[in-house]
Amino acid sequence: MNAFTKQWGKLMLRLKTLAVFAVLSGALATPAIAASKPSTRLVKCGSESCLRVSGQRTDKTSAVLINGREVSAKGTQRWHVRVPVKTVRAWSAPYARTIAVSVAGSTQDVKLPIGMMGHGDLAMLVVRAK
């Protein structure tokens with residue numbers, strides 16, 4: 001082997017080592033207890049509409065709070081709760097687009113369904129693609 005081939009081999013080994021290190025450091029930097037962001041959707045509950053909020057938690061005894069108010073969540077690690085739309089409106093600012101969902105001391109702003117916080121019924125929704 002000539003000197004150029006030896007140097008090239010050493011350089012490639014260093015690059016491979018750096019690549020492995022970068023991948024491992026990225027994996028280690030990711031929080032181990034990260035759960036998916038809670039989600040919301042409108043559902044029917046009896047004669048009224050409710051907001052169904054669902055998510056995940058690492059400890060099934062962790063409290064679930066919506067806009068600072070504790071709610072009774074069903075399920076264990078995968079949980080869900082139904083809150084009447086009237087109640088969500090009372091707990092939120094007018095025309096709010098998000099609610100604060102807290103689980104185990106970690107709070108996330110979660111988007112509400114379009115038009116949910118408007119006053120009055122939504123008669124039509126027009127969606128246009130650009």
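Which residues have the most contacts inside the largest nonpolar core? The legends below take up that point in the second view, after a look at the whole predicted model.

**View 1. The whole chain, with its 2 helices and 8 strands.** Starting at the N terminus, the order of elements in this predicted model is α-β-β-β-β-β-β-α-β-β. The chain has 130 residues, and 23% of them are buried. About 9,900 Å² is exposed, with carbon and sulfur atoms supplying 58% of that area. Among contacts with a separation of 6 or more, 51% link residues that lie 24 or more positions apart.

**View 2. The largest nonpolar core, made of 18 residues.** Here is the reply to the opening question: Val53 and Ile99 have the most contacts inside this core. Two or more residues come from each of strand S2 (48–56), strand S3 (64–66), strand S6 (78–84), helix H2 (85–91) and strand S7 (98–103). Centre the view on Ile99 and leave aside its neighbours within four places in sequence: its contacts then include Leu51, Val53, Ile66, Val88, Val110 and Leu112. Thr40, Asn67, Ser92, Gln108 and Asp109 are also in contact with Ile99.

**View 3. An open sheet of 4 strands, in the order S1-S2-S6-S5.** The pairing in this sheet is antiparallel. Strand S1 (39–45) and strand S5 (74–75) each have a single partner strand, so one side of each has no neighbour in the sheet. Further in, S2 and S6 run antiparallel and are joined by 7 bridges. One place to look is Gln56, which stands opposite Arg78 in S6.

**View 4. Strand S7 between its partners S3 and S8.** S7 is mostly covered, with 5 of its 6 residues buried. To S3 it is joined by 3 antiparallel bridges, and Leu65 has Ser102 of S7 as its bridge partner. To strand S8 (residues 106–111) S7 is joined by 6 bridges, again antiparallel. Val103 is paired with Ser106 in S8. The two strands S7 and S8 form a hairpin with 2 residues between them, and Ala104 in the turn has a positive phi of about 55 degrees.

**View 5. Asn67 and Tyr95, two loop residues with positive phi.** Most residues other than glycine have a negative phi. Asn67, in the loop between S3 and strand S4 (69–71), has a positive phi of about 50 degrees although it is not a glycine. Asn67 is also one of the residues in contact with Ile99. Tyr95 sits in the loop between H2 and S7, and its phi is positive too, near 60 degrees. Is Tyr95 buried or exposed? Its relative accessible area is 53%, and the cut-off for exposed is over 50%, so Tyr95 counts as exposed.

**View 6. Asp59 in the loop between S2 and S3.** What does the side chain of Asp59 meet in a polar contact? The partner is the side chain of Thr61, at 2.9 Å. Asp59 has 36% relative accessibility; this falls between the cut-offs of 20% and 50%, so Asp59 is partly exposed. Arg78 makes a handy landmark here: Asp59 and Arg78 are 19 residues apart in sequence, with 9.9 Å between their C-alpha atoms. Arg78 is also the residue of S6 that stands opposite Gln56.

Conventions. Residues are numbered from 1 along each chain as its sequence is written. This is a predicted model: local features need pLDDT of at least 70, side-chain atom pairs count only at pLDDT 80 or more; totals for chains, interfaces and linings use all residues. Side-chain values use heavy atoms; hydrogens and water are left out. A nonpolar core is a set of buried Ala, Val, Leu, Ile, Met, Phe, Trp, Tyr and Cys residues joined through side-chain atoms within 4.5 Å. Buried means under 20% relative accessible area, exposed over 50%, partly exposed in between (1.4 Å probe, protein chains only). Contact means heavy atoms within 4.5 Å. Accessible areas come from the Shrake-Rupley method with a 1.4 Å probe; for residues, only the protein chains shown count as cover. A polar contact is a pair of N or O atoms within 3.5 Å; within protein, one must be able to donate a hydrogen and the other to accept it, and residues adjacent in sequence count only if both atoms are side-chain atoms. Two strands pair if DSSP finds at least two bridges between them.
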